[in-house]
Amino acid sequence: MRFRRYALLMSVVLVCLLLLTVQTRGGGTGRAADVLSVLTTPAQAVLARAHRGAQSLWTGYREWKAAWRENLVLRAENERLRVESLQVREAQEENARLRRLLALRQRLPLATLAGEVIGRESGGWVRALTVNRGVGDRVTTQTPVIVPDGLVGRVVRVRPGASVVQLLTDPASVVGALVQRTRTAGLVEGEPGGTLRFKFMARDGAGILPGDLIVTSGLGQVFPKGLPVGRVLAVEDKGSALFHFAVLAPAADFARVEEVLLLTGQTPMDLAALFQRDSS
């Protein structure tokens, strides 16, 4: 260790002597400066490159930091705009639904009561809805409930401030109905799984086809005549059986119902044309 120190000291001294000798023999300071420049230039170049590299690295870091902050601001702004867009779209859809409901209410020739869905009872599919109309609104059981697309169901339970609506898809639901085109009568029943079935169609003269509209028959003094119930998806032929049935797609989308009309009055009028006007 000590030897290395002495060697380093001697090297420095020799370099100094060499520089003095060169300076003395050269008669000026220019040659010594040239030699010193030759010795120090590589180190200066390395230091200069290191300085530029460090400066570039620092500049890059500051720019990345600024871009990161700007990105955070833009993300927050984008999220705020997205929420506002969803709110606007939600308001527009709600206004459209309410306008359709109000237009139907004005066309109907019977007393109605508007209600809002506040709960859903599900059993793998939606089987019942709770609306914010109850005893205080003079709602009674068996009150039909509709939307602009058609029949939803009937009130089966009335509470203070709310009523429970049994949907058509409930297996316990039965509605007297007929095929609008052929006037073929039958019964619409709910099916496990959330579909509808039009049953007890006589084999002779039924003439029912996929796409036919099924409406309420008006029999039974519960539902007015002509309320859309669903459309035929397929006809099931039971061979030699006296009756066959059809699978229906409900006219109303029960999973998306949010506002309804409760039919608190009665009318002998066929209402089918009023719903066709809305759908057109």
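**Exercise 1. Arginine 80 and its partners**

Classify arginine 80 as buried, partly exposed or exposed, then find which salt bridges it takes part in.

*Solution.*
Step 1. Arginine 80 has a relative accessibility of 38%, so it counts as partly exposed. The classes are buried under 20% relative accessible area, exposed over 50% and partly exposed in between, with a 1.4 Å probe and protein chains only.

Step 2. A word on what you are working with: this is a predicted model, where local features need pLDDT of at least 70 and side-chain atom pairs count only at pLDDT 80 or more, while totals for chains, interfaces and linings use all residues. Residues are numbered from 1 along each chain as its sequence is written, and side-chain values use heavy atoms, with hydrogens and water left out.

Step 3. Glutamate 77 forms a salt bridge with arginine 80, with the closest N and O atoms 2.4 Å apart. The criterion is a side-chain nitrogen of Lys or Arg within 4 Å of a carboxyl oxygen of Asp or Glu. Glutamate 84 also meets arginine 80 in a salt bridge, at 2.7 Å from N to O.

Step 4. Now place the pairs. Glutamate 77 and arginine 80 both lie in helix H2, three residues apart, about one turn of the helix. Glutamate 84 and arginine 80 are both in helix H2 too, four residues apart, again about one turn. Helices are DSSP runs (H or I, at least four residues) and strands are runs of E (at least two), numbered from the N terminus.

Step 5. Glutamate 84, at 34% relative accessibility, counts as partly exposed.

**Exercise 2. A bridge across the sequence**

Work out which parts of the chain are tied together by the salt bridge of arginine 97 and glutamate 258.

*Solution.*
Step 1. The side chains of arginine 97 and glutamate 258 meet in a salt bridge of 3.2 Å, N to O.

Step 2. Arginine 97 lies in helix H2 and glutamate 258 in the loop between strand S11 (243–250) and S12, so the pair ties together parts that are 161 residues apart in sequence.

Step 3. Both ends are partly exposed: arginine 97 has a relative accessible area of 23%, and glutamate 258 stands at 32%.

Step 4. Returning to the earlier trio, salt bridges that share partners join Glu77, Arg80 and Glu84 into one network. The structure holds 12 salt bridges.

**Exercise 3. Aromatic residues on helix H2**

Describe how tryptophan 64 and tryptophan 68 are arranged, and which surface patch they belong to.

*Solution.*
Step 1. The structure holds three aromatic pairs. Tryptophan 64 and tryptophan 68 form a stacked one, 6.3 Å centre to centre with 15° between the planes. Rings of Phe, Tyr and Trp (its six-membered ring) pair if their centres lie within 6.5 Å; planes under 30 degrees apart count as stacked, over 60 as edge-to-face and the rest as tilted.

Step 2. Both tryptophans lie in helix H2, four residues apart, about one turn of the helix. Tryptophan 64 is exposed at 51%, whereas tryptophan 68 is partly exposed at 41%.

Step 3. Trp58, Tyr61, Trp64 and Trp68 form one aromatic cluster. With Leu72, these residues make a nonpolar surface patch with about 590 Å² of accessible area together. Patches take residues with over 30% relative accessible area and no salt bridge, joining like charges within 9 Å and nonpolar side chains (Val, Leu, Ile, Met, Phe, Trp, Tyr) within 5 Å. The areas come from the Shrake-Rupley method with a 1.4 Å probe, and for residues only the protein chains shown count as cover.

Step 4. Leucine 72 lies in helix H2 (residues 30–107) and is partly exposed, at 41%.

**Exercise 4. Into the core**

Find which residues have the most contacts inside the largest nonpolar core, and which strand gives the core its largest share.

*Solution.*
Step 1. The largest nonpolar core has 44 residues, and those with the most contacts inside it are Leu108, Ile146, Val152, Phe198 and Ile214. Such a core is a set of buried Ala, Val, Leu, Ile, Met, Phe, Trp, Tyr and Cys residues joined through side-chain atoms within 4.5 Å.

Step 2. Strand S12 (residues 259–263) supplies the largest share, four residues.

Step 3. Leaving aside neighbours within four places in sequence, leucine 108 is in contact (heavy atoms within 4.5 Å) with Ile146, Leu261, Leu263, Leu271 and Leu274.
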